[in-house]
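Q: Could you take a close look at one part of this model for me, the cysteines and the place where the chains meet? A connected walk-through would be great.

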Amino acid sequence: MTAISPKEYMTVSAARLLRNEDVCFVGIGAPSAACNLARLTHAPEITLIYESGTIATTPDRLPLSIGDGDLHDTALTTVSVPEMFQYWLQGGRISIGFLGAAQLDRRGNLNTTVIGDYDAPKVRLPGGGGAPEIATQAREIFITAEQSKRTFVDKIDFLTSLGHGQFGESRGTFGVHTKGPTRLVTDLAIWDMLDPEGRKVCDPDFQAQTAEFVVVSLHPGVTRDDVVGSVGWTVRFAPHLEVTPTPTPLELETLRALHARSANSQ
Amino acid sequence: MTRFTTLSDAIRDNVSNGQSIAMEGFTHLIPFAAAHEVIRQGVEGLTLIRMTPDIIYDQLVGVGAARKMVFSYAGNPGAGLLHRVRDAVENGWPRALELEEHSHAAMANAYHAGAANLPSAVFRGYRGTDLTNVNRNIKSVICPFTNEKLACVPAIRPDVTIIHAQRADRNGNVQIDGIVGVQKEAVLAANVAIVTVEEIVDDLRALPNRNANTCILPGWCVTAICHVPMGAAPSYATGYYPRDNDFYLEWSRISSDRDRFLAWIEEHVLAHPVDASVQEGAR
């Protein structure tokens, strides 16, 4: 088997965050690969939901768009888009929202709208789509993205989807009482949303106003300098850094077969 | 009452400069053939409404048919950015494009409100996002029972909604299978609704394995029906043809250059009227 790529570490590590009992609202791209890998390995009963209205979908290949025919053909049921956002997302029935981003900050706020000024953008990005309400209404948010100084920035140009707001704020400042971003999985590391005392979001004493994403695990072969060099803010590392467990042969074979099937059918 | 007509007549009779038009279909059943007829007829100054502008509005914006776009996700699904929309927003080519930008939840609720004949949609949304700073149509109301502050956006009431569906019967009743998106809401919210279909059957009630719970639009809710096989390509029609993912990827190359885009429009839209529409449903 060929060497494990950083992106494979990312997808496998992201997949491992998901559990059988999760009801997961899946973003397209990197999140979609991770969610389907989880379903094809350790979480066969996981409920995957795409914003096109497909509930408990079990595609054999990765969809190119959030509304590919396979998602409907393999779904338990397909509902209208208003129903999806009203009953299922706003109704509080989603346990995990899995999102990517063009830009993110250390507080887990996401930008998918513009690079530069909104009225005179350098790059007009696609926009929020379902993400602004997924970010606030799914009970917990996982984020996955490849690290680069362009993506991991000190200050995002536009706040499309709320993480924990600015330092000094919390989600409660905006009337949001779901957990928000708790974990970030990249091609180099796993990050947790921790306050300065190392408390997690689920801890009743968690201090949201001062929390940020902290590196808790480095993928094998990755150094602290690699992480620091691809992030636009001063990185905090956990006192006891873990090494991310290597993907198992089953995870790797399943992921590669999934990508191969997807490439063949596109 | 529904009128069976050619696509060119349906557009000529119902679409005019300066209208607000919603062409819906959430990745699935996108009414491309109808949009191409709008381009051929040279309609201008449109307000284009659509959750996911997709390639269909990239083409309409690229030929300069629109002055404003109301949307919530303007990407080429699975392939990246919409280059014609970008060029209009970033450089004003071929003309400036005003944006009214929402989230999916907001637009879905706004269509729902339009279909329900309400003035606005109330929902829990837009919390903490900068979108509220750039769109004056995002406001809030206080729930009179709980005092919860809720987002409020105006109902979407298009002058014209255009959708594509799998089939209609000879009484003009329309059936949609698969990912149904917001098509039903968009049709019921509009003043005029045009539906292109893959197939015209005698009677939806008489279909084998028929299911009255599938998405049905009764004929008296639809203004015009046009028989346009492959009318959603390069998107797809469940039960008829798959999404042309290669074209979606290829579109990134075609649309990234103004001249290449115009040449494509010339060859595939202007010089290629598909509207020798099969008229077997016309009476």
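A: Let's start with the cysteines. This is a predicted model, and its disulfide count over all chains is 0. Take A:Cys35: the nearest cysteine sulfur belongs to A:Cys24 and sits 3.6 Å away, and A:Cys35 is in no disulfide. The cut-off is what settles that pair, because a disulfide needs the two sulfur atoms within 2.5 Å. As for its surroundings, A:Cys35 is buried, with 0% relative accessible area. Over in the other chain, B:Cys215 has its closest cysteine sulfur in B:Cys221, but that is 11 Å off, so the gap is too far for a bond. B:Cys215 counts as buried too, at 13% relative accessibility.

Now for where the chains meet. Chain A puts 44 residues into the contact and chain B puts in 45 residues. Between them the two chains bury about 3,600 Å², and 61% of that is on carbon and sulfur atoms. On the chain A side, the residues that lose the most area to chain B are A:Leu64, A:Arg124 and A:Pro126, which together make up 18% of what that side buries.

A:Arg124 comes up again when you look at charges. The count between chain A and chain B is 1 salt bridge, and A:Arg124 forms a salt bridge with B:Glu101, with the closest N and O atoms 2.6 Å apart. Polar contacts add to the picture: 19 residue pairs are counted between the two chains, both partners being at pLDDT 80 or more. If you want to trace the chain A side by element, those giving two or more residues are helix H3 (69–73), helix H4 (81–89), strand S9 (121–124) and helix H5 (131–137). By residue type, that side divides into 17 nonpolar, 20 polar and 7 charged.

One last stop, on a loop of chain A. A:Gln207 lies between strand S12 (189–194) and strand S13 (212–218), and counts as partly exposed, at 37% relative accessibility. Leaving out residues up to four places away in sequence, A:Gln207 touches A:Asp195 and A:Arg199. The A:Gln207 side chain also reaches the backbone oxygen of A:Asp205, at 3.0 Å. For a sense of scale along the chain, A:Gln207 and A:Val231 are 24 residues apart in sequence, with their C-alpha atoms 23 Å apart in space.

Conventions
Residues numbered from 1 in each chain as written. Chains lettered and ligands numbered in written order. Predicted model: local features only at pLDDT ≥ 70, side-chain atom pairs only at ≥ 80, totals over all residues. Heavy atoms only, no water. Buried < 20%, exposed > 50% of the residue type's maximum accessible area, 1.4 Å probe, protein only. Contact = heavy atoms within 4.5 Å. Buried area = accessible area lost by both parts, 1.4 Å probe. Salt bridge = Lys/Arg side-chain N within 4 Å of Asp/Glu carboxyl O. Polar contact = N/O pair within 3.5 Å; in protein donor to acceptor, adjacent residues only side chain to side chain. Helix = DSSP H or I, 4+ residues; strand = E, 2+ residues; numbered from the N terminus. Nonpolar A, V, L, I, M, F, W, Y, C, P; charged D, E, K, R; others polar.
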